[in-house]
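I opened the model to look up its ligand site, its sheets and a few backbone details. My notes follow in the order I took them.

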Amino acid sequence: MNIWYEEQEHIFSLSNERISYIFSVEKDRYLSHRYFGRRLKRYGGSGRPYFFDRGFCANPLPEDRTFSLDTLPREYPDINQGDFRCPAYVIQTEDGRRVTRFGYKGYEILEGKPGLEGLPSVYVEDEGEAMTLRVTLEDEVIKVRLLLYYTVFQDYDAVCRHVEVVNGGDQEIYLERLMSMSMDLPGTDYDVVTLTGGHMDEKNINRRPLTSDSVVAESIRGSSSPQAAPCVVLMDREAGEHQGEVWGVNFIYSGDFQAAAQVSQYRTVRVQMGMNPLTFGWSLGAGERFTVPETVLVYSDQGLNGMSQTFHSLYQKRLCRGAHRDRVRPVLLNGWEAFTFDVDEEKCLSLAREAAKLGVELLVLDDGWFKNRKDDKRALGDWTEDERKFPGGIPRLAEAVRREGLEFGIWLEPEMVSPDSDLYRSHGDWVIRSPHYDPVLSRNQYVLDLSNPQVRDYVIRSVSDLLERADITYVKWDMNRHITDLGSFCLAEGRQRELSHRYMLGLYEILETLNSRFPHVLFESCSSGGGRYDGGMLYYMPQTWASDNTDGVCRLGIQYGTSLLFPPVTMGCHVSVSPNLQVGRSTSLAMRFAVAMSGNLGYEMDFRRLPEKEREEIRRQIAFYKELREVVHKGRFYRLANPREGNLAAWNFVSEDGERVIFCCYQILSDVVRASVLVKLRGLERDRVYRLRQDGSCYGGDELMYAGITARPAEEDFTGHIYVFDRVTEG
Ligand code: DGJ
């Protein structure tokens, strides 16, 4: 890994053994993107664009009519100087104008990777793991500097970028648009991929050709949202799941964002990621500094799957943190789908007893445990137990669950308040709302104003009180509505546009405090399932409930799509009852397990009511999973067939040491002709032999990868089969 500056040609180059990221300084002022791709040993500028005197081009240098910013491939483009594509930033000066002139000032090379204050980010454990380039642009009139950060890693094919704005002048400036990164790629021959969806239909992978338009993925929901993920991927048209060039861009942020791929008239593509200008605005006083959250850029010449594997390993090892990062995660039982709000001590305890017998390790008490919470119309914000349901309180229950041999976890939705709650009655001004209108309800609740330090204190105090009183080792942190009525009683009138981002900063502060106070607690993020499944949340909570949809068939697509960015260990996946409560589909217990075991396994049903046969099956499932979960949690993941595109879903895991392979194959509908379906595995060693555990048969790695394995013909709808292979020295 290295970063160097070539003085003659003014070229910055960041490289490791596999990738290079290159840009130049043109005319001593303007940063110009040159290359992001496979590692180049030497760069002489062969791909430099030609310049012409073109119609409608503005010329910032009067002596050169061929030079225009509109034709230059750029790194962090401005507005008002003749680049008429999307700017990366718009800064308003005190006089209300939006004309600025930033030019290159200098650079520094730093060992390691600096953190982003108050924000989640990829980190290093040792300075030798990464190097960071900091380039300074300055507007000499208003004395404002833009610091552009680029980190390259020894072991990951990723570049992290973010920006700081430093106001060194004496006037207040207004940040109107701020991207975390911008990059112009040559040509337009790309497909663009985004992740879209909705509640219970998260993470659909959408691939389509980039034409002459812009593709924009964004959220103004106060959350990264299930509707559009903060991610945009460009692919060479010929690239596929396992081959070809792919550029992936993912924002490490959990709030509103805008991601775009914009085609220019000169046949180039501008890719951007950053704050959503619809809900962002920030007044930056003299001497103040603003940090834009970080974006991770991944290059892969091994198709989408290669890109995903880089995101997976980087996020798993250098974004997730804390004691649970490297631990296998407990098999849990959550009562939500079985009991909803109707919970009590006796139910929980009898459930814990049954769960322990089947091998479950963690019992989770979901919604409904606190005072007055008999349905979703009340009580959010009053985080003390309902003594009628839990006469000995949560501490006594947690202790009793412990005695049954299980850990104890609890559900919370700390960012919210119900209008019918003591908290709202005493602090009506703590909600996000405008003073002029009644705020809009969603799931009968309002959002607390986390930009207010008193509110943050309250949230930290109430969660801490519970975690201090009771032996709780897991928290499911829910967030079940999006933000409307953007207004804060604690922000000055001129600063109301800061609320969306201040909300996120407030939430991150709360989570950071709780993480450091309770390092033993495993936090699972949830927002009606995968509504806030993003890199920002993973920094504080190493797993996310992937979807409220627990149907085995729907889950195939949701988990497949989620894996575009996030590793299976981060996905909460539960086996629930059949017929499924969301879609009414009946599937076998084996199928539901085969899907849920491809992530972080849990169950969501009333174990007390199961027939003996199912209990026995679950006992076997859990034992099987425990034996193999190290491979699922830490191994490499290969997508093989996309269930949202056909009748088949398939993927395989390869353990870190290469010794074990788990191949998962699902057929959605049975096929009357029973056609043979071959699936080719990935990531095995060609010259080694693998023994199938189920029957002892042996196959070459080359055979499994190049000839493939025939999926067991489905005799009924909705089947899933798991094949476990052990690598052997001889066949
Ligand atoms: C939404 C979550 O996704 C569910 O799993 C459950 O926890 C409910 N909230 C509880 O209100």
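Before starting I fixed one term: contact means heavy atoms within 4.5 Å. I also kept in mind that this is a predicted model.

**Entry 1: the six-stranded sheet**

I began with helix α11, residues 612-634. I found it lying across β30, β31, β32 and β37 (719-728). Its direction runs at about 95 degrees to β32.

Next I traced the sheet itself. It is open and has six strands, in the order β30-β31-β32-β37-β34-β35. The pairing is antiparallel.

Why do β30 and β35 each have one side without a neighbour in the sheet? I noted that β30 (636-641) and β35 (698-700) stand at the edges with a single partner strand each, so one side of each is left without a neighbour. From one strand to the next, the twist averages 25 degrees.

I then checked the β35 end. Strand β34 (residues 689-692) runs antiparallel to β35, and three bridges join them. R691 stands opposite C698 of β35.

A second helix also meets this sheet. Helix α9, residues 552-562, lies across β30, β31 (648-654) and β32 (660-667). I read its angle to β31 as about 50 degrees.

**Entry 2: the nine-stranded sheet**

I moved on to another open sheet, this one of nine strands. I wrote down its order as β6-β7-β8-β9-β19-β15-β14-β11-β12, with antiparallel pairing. Which strands sit at its edges? They are β6 (103-111) and β12 (201-209), and each pairs on one side only. Neighbouring strands here are turned against each other by 20 degrees on average, direction ignored.

I looked at the β6 end in detail. β6 pairs with strand β7 (residues 130-139) in the antiparallel sense, over eight bridges. The bridge partner of G103 is E138 in β7.

Then I looked for helices on this sheet. Helix α1 (residues 303-318) packs on it and touches β8 (144-153), β9 (158-167), β14 (231-236), β15 (246-251) and β19 (289-300). The direction of α1 makes about 135 degrees with that of β19. Helix α9 turned up again: it packs on this sheet too, touching β11 (190-198) and β12. Its direction makes about 60 degrees with that of β12. My note on α9: it lies across strands of the six-stranded sheet and packs on the nine-stranded one.

**Entry 3: the ligand**

How many residues surround the ligand? I counted 13, the closest being D366, D367, K476, D478 and D548. By class, the shell divides into four nonpolar, three polar and six charged residues.

I listed side-chain distances to oxygen atoms of the ligand. For R443, a polar side-chain atom lies 3.0 Å from a ligand oxygen. For W411, an N or O atom in the side chain is 3.1 Å from one. For W545, the corresponding distance is 3.5 Å. Taken alone the ligand exposes 290 Å², and the protein buries 97% of that.

**Entry 4: backbone details**

Is the peptide bond from S578 to P579 cis or trans? I read it as cis, with omega near -5 degrees. P579 lies in the loop between β28 (571-576) and α10 (589-596).

Last, I checked N444. Its phi is near 60 degrees, a positive value in a residue other than glycine. I placed N444 in the loop between α5 (422-426) and β24 (446-447).

Terms used
Residues are numbered from 1 along each chain as its sequence is written. This is a predicted model: local features need pLDDT of at least 70, side-chain atom pairs count only at pLDDT 80 or more; totals for chains, interfaces and linings use all residues. Side-chain values use heavy atoms; hydrogens and water are left out. A residue is near a molecule or strand if one of its heavy atoms lies within 4 Å of it. A polar contact is a pair of N or O atoms within 3.5 Å; within protein, one must be able to donate a hydrogen and the other to accept it, and residues adjacent in sequence count only if both atoms are side-chain atoms. Accessible areas come from the Shrake-Rupley method with a 1.4 Å probe; for residues, only the protein chains shown count as cover. Ala, Val, Leu, Ile, Met, Phe, Trp, Tyr, Cys and Pro count as nonpolar, Asp, Glu, Lys and Arg as charged, and the others, Gly among them, as polar. Two strands pair if DSSP finds at least two bridges between them. Helices (H or I, at least four residues) and strands (E, at least two) are DSSP runs, numbered from the N terminus. Axes are lines fitted to C-alpha atoms, for helices over the stretch in contact, and angles run from 0 to 180 degrees between N-to-C directions.
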